[in-house]
Amino acid sequence: MNVSSPVRASALEPNDAERIAAMVAPCLPPSLVPVFDARFARSSALYDEFVYRLTLGVFCDAGLGKAVGDWGTVEEVVGRAGLDPRRAAVPVSWMLRHLSRHGALARQDTGERPRFRATALGTLDPAPIAAEQREHDPGGLPSYGLAELAAREYPAFLHGGPTGEQILFAPTRLPLWMSYFSNDHALYAVNNHVGAVAVDTWMPRRPGTVLELGGGLGSAAAALLERLERAGRRADLEAYRFTELVPAFLRRGQRFLEARFPDGPPLTFAPLDMNGSFTEQGVAPQSVAVVYAVNTLHVATDLAFTLGEVYRVLQPGGQLILSECVRPWPADTLYPEFVFNLLETFRSPRLHPAYRPNGGFLGPEQWTGALQAAGFCDLRILPDIMRIRDVFPGFYVAAIGATRPV
C-alpha cells in the first residue's frame, strides 16, 4: 500500500492502520484479508515515509534543489543540475512527482508537460522511521537496506557514474537480495501470497506443467507449492519448471527449493531469457498448462513479444497468471520505483501508446490492453484493484489472469 489522496491518513499510527485495513478488507477475498492487515498497512506507510525522506536527501545531494528554484520541466531541471539526461530523465521525473505528492514541490500542469518548483523543500532524517519499523515489525527491514543502498549511490548514478546494474547486482549485494526476495520479508511476501492464491483459484484441476518465469531466489515458487500442498492439489502439478536468467539467483533458488521440497513435485531448473524465443530455449509450443511470474513481466524489453512467446507455449485453455505491483492510477509514484528506476531494463522498455506508455509498473487497464492485444481472453484481476482504488488508492498488489483460447 502507498498512501495518497483522497485518503490522507498516514497509517503511521496503529489506529490509522486499523482503519485502512478495515476499509480494504471488504474488497478482498477471505484468503487475503489476513495478508493485508493493519500490521502490513502500517509497515507500508512507514516505508513510504522512509523512501520520501531518502528522496529528499538524494534530491539535494544531486544538486536538484537549486534546479527547482524556478519553474521547470523534467528536462529543464535535469539540464540545470548538470545530470546525465539519458539516465536521469525517468528517476528525476519520478522524484519530482513523488516530492510534489508529498507537498515538498509545487506542480503546474498548464502546458504540455508538468512543471515543478520548490515550496517546502528540505531534508528529514530517515533513521527514526527505520527505528520505528524495527520496533513495529523487523520483517519489513530488508526493503530499508536496499533503499539505503540506492540512496547512497543515486547522486553518482545521475551524474553518469556506475550503472544501476553495477550498483544493485554486484556480487557483494547478493545478501541484500536474499533478504529482500524472501517470504520472511513482510513488504515483499505479499506479492507471493497474492500470486499463490490466484494460481490456486485459477489453475485447471487436472495434471499439468507450471512454467515460472523470473523465479529469482525461489520465494514465489515456495509460497505457491506450499499453498497447493495445503489445498491437497499436489496431483495437479505434473511438473514445475523453474527458470531464472541470473546464474547466482538460479543456483540459490534451486538449492532452496530442492531442500524445501525433497519429495516433489517434480522440479526442473534452467535459465530462460523472456526476451528471446522460448522454443529455442527448450520450451516446446503448447507444452505447459500455466505460465506463472511474480514481478517479472513488467521488465520485458518488448512486452508484446514476450506475451506472444507465453501464448505459444501455453496449451489451449492454459493460464497466464502474473502477480505484479499494479499502478492504480497513471500518475501514481510507487515506492519500489525509487530503487528499481536505477535499472535500465525497468525504466526503458519498448513503449506502446495504448498499453505501455512508460517504463516500470503498469496499470490494470494497461495490463488488460496488452493481454487482449496478444490474443488472450478471460481476463481477470485478483483482488479487484479497480474497486479497491476507489476506496483506498494506495493499494497496488494484484494478480492478473488470462487464458489462451481453446
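This report walks through the pockets, a cavity, one helix and one glutamine of a predicted model.

Residues are numbered from 1 along each chain as its sequence is written, and side-chain values use heavy atoms, with hydrogens and water left out. Because the model is predicted, local features need pLDDT of at least 70 and side-chain atom pairs count only at pLDDT 80 or more, while totals for chains, interfaces and linings use all residues.

**Pockets and cavities**

Let's start with the empty space. Rolling a probe the size of a water molecule over the atoms shows where such space is left. Here that is done on a 1 Å grid over the protein atoms alone: a cavity is a set of points where a 1.4 Å probe fits but cannot get out, a pocket is an open set with protein on both sides within 12 Å along at least five of seven lines, and lining residues have an atom within 4 Å of a point. Grid points are joined across faces, edges and corners, and a volume is the space filled by probe spheres set on the points. Ala, Val, Leu, Ile, Met, Phe, Trp, Tyr, Cys and Pro count as nonpolar, Asp, Glu, Lys and Arg as charged, and the others, Gly among them, as polar.

| Space | Volume | Lining by type |
|---|---|---|
| Largest pocket | about 1,000 Å³ | 31 nonpolar, 15 polar, four charged residues |
| Second largest pocket | about 440 Å³ | nine nonpolar, six polar, six charged residues |
| Second largest cavity | about 30 Å³ | four nonpolar, no polar, two charged residues |

The largest pocket has 50 lining residues, and Phe169, Phe181, Asn295, Thr296 and Val299 lie nearest its centre. Among the elements that give two or more residues to this lining are helix 2 (38-61), helix 7 (141-158) and strand 3 (208-213). Helices (H or I, at least four residues) and strands (E, at least two) are DSSP runs, numbered from the N terminus. Helix 10 tops the list for the largest pocket with five residues.

For the second largest pocket, 21 residues form the lining, and Ser93, Arg97, Pro357, Asn358 and Gly359 are the closest to its centre. Helix 5 provides the largest share there, five residues.

Turning to closed spaces, the whole structure has two cavities of 30 Å³ or more. Leu225, Leu228, Glu229, Arg234, Leu237 and Pro265 line the second largest one, and helix 11 (residues 219-230) gives the most to that lining, with three residues.

**Helix 16**

Helix 16 (residues 364-373) has Pro364, Gln366, Trp367, Ala370 and Leu371 as its buried residues (buried means under 20% relative accessible area, exposed over 50%, partly exposed in between, with a 1.4 Å probe and protein chains only). They cover an arc of only 165° around the axis, so they sit on the same side of helix 16; the arc is that of the directions from the helix axis to the C-beta atoms. The face turned away from that side carries the exposed Gln372 and Ala373. What do the buried residues pack against? Their partners are helix 13 (303-313), strand 7 (314-325), strand 8 (377-382), helix 17 (385-391) and strand 9 (397-403), where contact means heavy atoms within 4.5 Å. Just after helix 16, Gly375 takes a positive phi of about 100°.

**Gln133**

Gln133 belongs to helix 6 (residues 127-136). This glutamine is buried, with a relative accessible area of 0%. The side chains of Gln133 and Ser43 are joined by a polar contact of 3.2 Å, meaning a pair of N or O atoms within 3.5 Å; within protein, one must be able to donate a hydrogen and the other to accept it, and residues adjacent in sequence count only if both atoms are side-chain atoms. Leaving aside residues up to four places away in sequence, Gln133 touches Ser43, Leu46, Pro138, Gly140, Leu141 and Tyr144.
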